[in-house]
Amino acid sequence: MALIDIKVPNIGDFKDVEIIEILVSNGQNINKGDSMITLESDKSSVEVPCNNSGKVSQIYVKVGDKVSEGDLILKIESNKNETIKIETTESAISKEIQNAPKKIVEKSLAISNIKNITTSNKSILASPKVRKFARELGADISKISGSEKLGRVTEEDVKNFVNFGLQQKQSVNNNQEIKEHKLKIEYEHSEFGEIDIRDIPRIKKLAAPHLVKSFNTIPHVTHHDQIDITEMEEFRNSLIDHYTGEKLKITPLAFIMKALVAALKKFPTFNSSIEDMNTGKITFKKYFHIGIAVDTSNGLMVPKIREVDKKNIQYLSSELRDVAQKCRDLKINKKEFYGGSMTISSLGGIGGSFFTPIINYPEVAILGVSKSNKQQIFIKDEFKVRTILPISLSYDHRIIDGAEAARFCNEIRDNLGKNFAFKLAI
Ligand code: CAO
């Protein structure tokens with residue numbers, strides 16, 4: 001039994017060539033001609049075969065080492081001294097340069113999990129032929145599960161791995177194509193009659209990505225409810241200016257804002273913003289700034305009415321009028337659109353019953369208000385005419401559960417209904 005040094009053979013003019021793969025492991029029996037390491041120049045990679053056969057006794061190199069002709073690679077225990085001369089010539093490397101990179105680049109573009117030629121040094125059972133095949137396809141052999149005994153990787157395994165990657169990529173492409181197809185229409189509107197193409201108003205263009213982000217990232221649920229505001233409306237319509245004796249013009253929205261803030265105090269989650277779902281952080285706001293969706297000829301704007309908890313109904317009503325006017329005149333400061341607790345979107349002055357408002361990100365809920373109407377309600381064995389306000393609460397289901405949302409709406413209902421006289425300083 002002799003210990004034989006196996007060294008880097010003649011590799012032409014190349015010096016300090018990097019080892020990118022160790023293809024054998026200690027104790028492994030190898031035959032002459034089996035590949036031991038893979039070298040990679042800046043243009044190509046080539047396997048270095050062993051010029052003897054026997055059992056690997058010790059490996060002297062590792063991935064990343066740079067070697068030149070004559071450097072010791074490993075020692076093998078051999079009972080025959082049958083050293084054969086194998087030259088990995090400059091022309092052999094040049095040949096690899098011609099083919100390998102092209103194939104690798106083509107396939108790498110197709111699938112993501114391939115072409116990381118610098119595989120780990122862990123022992124992977126595969127013949128040099130299979131390794132070469134995998135490398136030519138740009139597949140990282142360390143990621144392939146072998147189907148043979150002890151996990152040995154076969155040529156078929158490599159093909160399956162590459163095919164699977166290609167299919168995955170194809171399916172991603174198909175989905176993308178389907179999406180794009182949906183957005184396109186297959187005809188021109190003008191084919192069917194006269195049309196007029198105009199610019200989308202600037203504010204709508206600015207709001208669009210914000211709406212899309214909110215709609216696509218927040219799992220919205222909308223809870224609808226009907227609130228009996230008969231007493232509240234009687235009260236509102238009875239309000240008189242003490243100096244002039246005239247009827248006070250106060251929007252129902254001022255009452256709704258107050259009722260909402262009282263509910264936010266009891267249910268702080270609705271006055272929060274998710275910081276980061278990954279780190280699990282949520283910000284609870286201790287202020288009560290209510291966003292109001294304002295319909296303008298330029299598009300929807302959502303200014304904040306600050307510190308609603310500290311203002312009375314009459315003040316809120318007139319502030320709301322002023323702020324809405326500023327929005328319509330484009331005289332509002334951009335900062336007024338930031339830093340809200342929750343938003344109210346009221347279509348009460350226009351019409352409809354129930355809708356599904358989109359949460360004003362980064363808030364976690366929005367209250368939609370529709371037009372109140374008179375209904376016959378069965379109360380204590382008789383029908384009575386009552387004024388009913390439809391509401392629609394959209395909430396972020398990641399942070400608010402359905403039961404909590406229903407309780408929150410009950411709270412708003414009580415604040416506008418049976419408890420409506422709650423701290424309503426005029
Ligand atoms: N039910 C019945 N009547 C209502 C009501 C309701 N829920 N809310 C308001 N009204 C009445 C008002 O009392 C007023 O009546 P009078 O003229 O008799 O006084 C009338 O409807 C008009 O109200 P308004 O809508 O002009 O004023 P407001 O203070 O109630 O609302 C504002 C202000 C800025 C919210 C509103 O003008 C507006 O822009 N609304 C549209 C918001 C919007 O587009 N939302 C959809 C966004 S998508 O989510």
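Helices and strands here are DSSP runs numbered from the N terminus, with at least four residues for a helix and at least two for a strand. With that in hand, let us visit a few loop residues in this predicted model.

**Two neighbours with positive phi**

Aspartate 381 sits in the loop between β18 and β19. Lysine 380 has its place in the loop between β18 (373-379) and β19 (382-396) as well. Neither residue is a glycine, yet phi is positive for lysine 380 and for aspartate 381. Are they buried or exposed? Exposed means over 50% relative accessible area, so lysine 380 qualifies at 75%, and aspartate 381 qualifies at 70%.

| Residue | Phi | Relative accessible area |
|---|---|---|
| Lysine 380 | near 45° | 75% |
| Aspartate 381 | about 70° | 70% |

**A buried asparagine**

Now for asparagine 271, found in the loop between α6 (252-266) and β10 (272-276). Because buried means under 20%, asparagine 271 counts as buried with its 1% relative accessibility. What does its side chain reach at 2.8 Å? The partner is the backbone oxygen of tyrosine 287. The side chain of asparagine 271 also makes a polar contact of 3.0 Å with the side chain of serine 341. Setting aside neighbours within four places in sequence, the residues in contact with asparagine 271 include Leu264, Thr283, Phe284, Lys285 and Phe288.

**A cis proline**

Last stop: the peptide bond linking tyrosine 361 to proline 362 is cis, and its omega is near 10°. Proline 362 belongs to the loop between β16 (342-346) and β17 (365-369).

Technical notes
Residues are numbered from 1 along each chain as its sequence is written. This is a predicted model: local features need pLDDT of at least 70, side-chain atom pairs count only at pLDDT 80 or more; totals for chains, interfaces and linings use all residues. Side-chain values use heavy atoms; hydrogens and water are left out. Buried means under 20% relative accessible area, exposed over 50%, partly exposed in between (1.4 Å probe, protein chains only). A polar contact is a pair of N or O atoms within 3.5 Å; within protein, one must be able to donate a hydrogen and the other to accept it, and residues adjacent in sequence count only if both atoms are side-chain atoms. Contact means heavy atoms within 4.5 Å.
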